[in-house]
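Subject: Handing over a structure, with notes on what was found

Dear colleague,

I am passing this structure on to you, and I would be grateful if you could look through it before reading the notes underneath.

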Amino acid sequence: MPEINTDNLDEQQVQLLAEMCILIDENDNKIGSETKKNCHLNENIDKGLLHRAFSVFLFNTENKLLLQQRSDAKITFPGCFTNTCCSHPLSNPLELEENNAIGVRRAAQRRLQAELGIPMEQVPPEEISYLTRIHYKAQSDGIWGEHEIDYILFVRKNVTVEPDPNEIKTHCYVTKDELKDLLKKSADGEIKITPWFKIIAESFLFKCLRFLDHLTSKQNKI
């Protein structure tokens, strides 16, 4: 694996680069594990390295979506607006379990607490709904990028939010119309959004919003 100098990066974010992500093939079959650092280097991505990830869309009971702006300390896509929480299940027994995407949902619970300060008891895995997966690849800059099969997860619940400023610069709840305005600002170059959020928003997010009450009421039976 290539050696990259991380001296100019945020210390807390560099520590997270040692986490072990789940390597997969294009059919989402586990084939091994690798550090978060190596999974996000363009040099490795160009050789086909692919890992498992998730994107959480958390709505309150007024059906407003919780968005975040990634902190400037983030190594990939700093300062970009995105969905509620985006991260990776780790290569450990609890988060490797695949039945009904339970491992990914456990990872989402963990990261909702780590990034947004949402108490874990407020977002138990059984209240996190798995919808579908997307496969995408995107460069953040000349060194870092993403190549993921991304599990799309929905939560509909009122929660307590106390973000970690090292992870999140700003956050807000938006209505459907406000979300459309944000996406238009991105298209006009006024703000930046993450590539996975753009793909999800443009392909199926608004269709899902029409059935939000139905989708989340069934929880993980959808």
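The notes below take up the annotation, the cavities, the nonpolar cores, the aromatic pairs and a few loop residues.

Please keep in mind throughout that this is a predicted model. As for what is on record, an unreviewed UniProt entry carries the annotation "domain: Nudix hydrolase" for residues 49-199. In the model, that span is 24% helix and 33% strand, and the C-alpha atoms at its two ends lie 20 Å apart.

Enclosed space

Two cavities of 30 Å³ or more were counted. The largest cavity holds about 230 Å³ of space, and among the 24 residues that line it, those closest to its centre are Lys-36, Arg-70, Lys-74, Thr-76 and His-88. Several elements supply at least two residues each to this lining, namely helix 1 (11-16), strand 3 (51-59), strand 6 (85-87), helix 5 (102-116) and strand 8 (145-156). If you sort the lining of the largest cavity by residue type, you will find eleven charged, seven nonpolar and six polar residues.

The second largest cavity has about 30 Å³ of space, and its lining is made up of Gln-68, Arg-70, Lys-74, Thr-82, Cys-86, Glu-115 and Glu-167. Four of these lining residues are charged, two are polar and one is nonpolar. When you compare the two places, please note that Arg-70 and Lys-74, which are listed among the residues closest to the centre of the largest cavity, also appear in the lining of the second largest one.

Nonpolar cores

The largest nonpolar core has 27 residues, of which Phe-57, Phe-154, Leu-179, Phe-197 and Leu-205 touch the most other members. Two or more residues of this core come from each of strand 3, strand 4 (65-70), strand 7 (129-139), strand 8, helix 6 (176-187) and helix 7 (195-209). Among these elements, helix 7 gives the most, with eight residues. Another core, of 23 residues, lies apart from it, and its members include Leu-58, Leu-66, Leu-112 and Tyr-151.

Aromatic pairs

Six aromatic pairs were counted in the model. In one of them, the ring centres of Phe-57 and Phe-197 are 6.2 Å apart and the planes meet at 40 degrees, so the pair is classed as tilted. This pair links distant parts of the chain, given that Phe-57 sits in strand 3 and Phe-197 in helix 7, 140 residues apart. Phe-57 and Phe-197 are both buried, and, together with Phe-59 and Phe-154, they form one aromatic cluster.

A further pair is that of Tyr-136 and Trp-196, whose ring centres lie 6.1 Å apart with their planes at 45 degrees, so it is tilted as well. Because Tyr-136 belongs to strand 7 and Trp-196 to helix 7, the pair ties together parts that are 60 residues apart in sequence. Tyr-136 counts as buried, since its relative accessibility is 4%, and Trp-196 is likewise buried, with a relative accessible area of 3%.

Residues in loops

Two residues deserve a look for their backbone angles. Most residues other than glycine have a negative phi. Asp-28, however, has a positive phi, near 65 degrees, although the residue is not glycine; Asp-28 is found in the loop between strand 1 (20-24) and strand 2 (30-35), and it counts as buried because its relative accessibility is 6%. Asn-100, also not a glycine, has a positive phi of about 55 degrees. Asn-100 lies in the loop between helix 4 (93-96) and helix 5, and, with a relative accessible area of 40%, it is partly exposed.

The last residue to mention is Ile-143, which is found in the loop between strand 7 and strand 8 and is partly exposed, with a relative accessible area of 41%. Ile-143 is separated from Ser-91 by 52 residues in sequence and by 24 Å in space, taken from C-alpha to C-alpha.

With kind regards

Conventions:
Residues are numbered from 1 along each chain as its sequence is written. This is a predicted model: local features need pLDDT of at least 70, side-chain atom pairs count only at pLDDT 80 or more; totals for chains, interfaces and linings use all residues. Side-chain values use heavy atoms; hydrogens and water are left out. On a 1 Å grid over the protein atoms alone, a cavity is a set of points where a 1.4 Å probe fits but cannot get out, and a pocket is an open set with protein on both sides within 12 Å along at least five of seven lines; lining residues have an atom within 4 Å of a point. Grid points are joined across faces, edges and corners, and a volume is the space filled by probe spheres set on the points. Helices (H or I, at least four residues) and strands (E, at least two) are DSSP runs, numbered from the N terminus. Ala, Val, Leu, Ile, Met, Phe, Trp, Tyr, Cys and Pro count as nonpolar, Asp, Glu, Lys and Arg as charged, and the others, Gly among them, as polar. UniProt positions are given in the numbering used here, feature names are shortened, and annotations may be inferred rather than shown by experiment. A nonpolar core is a set of buried Ala, Val, Leu, Ile, Met, Phe, Trp, Tyr and Cys residues joined through side-chain atoms within 4.5 Å. Buried means under 20% relative accessible area, exposed over 50%, partly exposed in between (1.4 Å probe, protein chains only). Rings of Phe, Tyr and Trp (its six-membered ring) pair if their centres lie within 6.5 Å; planes under 30 degrees apart count as stacked, over 60 as edge-to-face and the rest as tilted.
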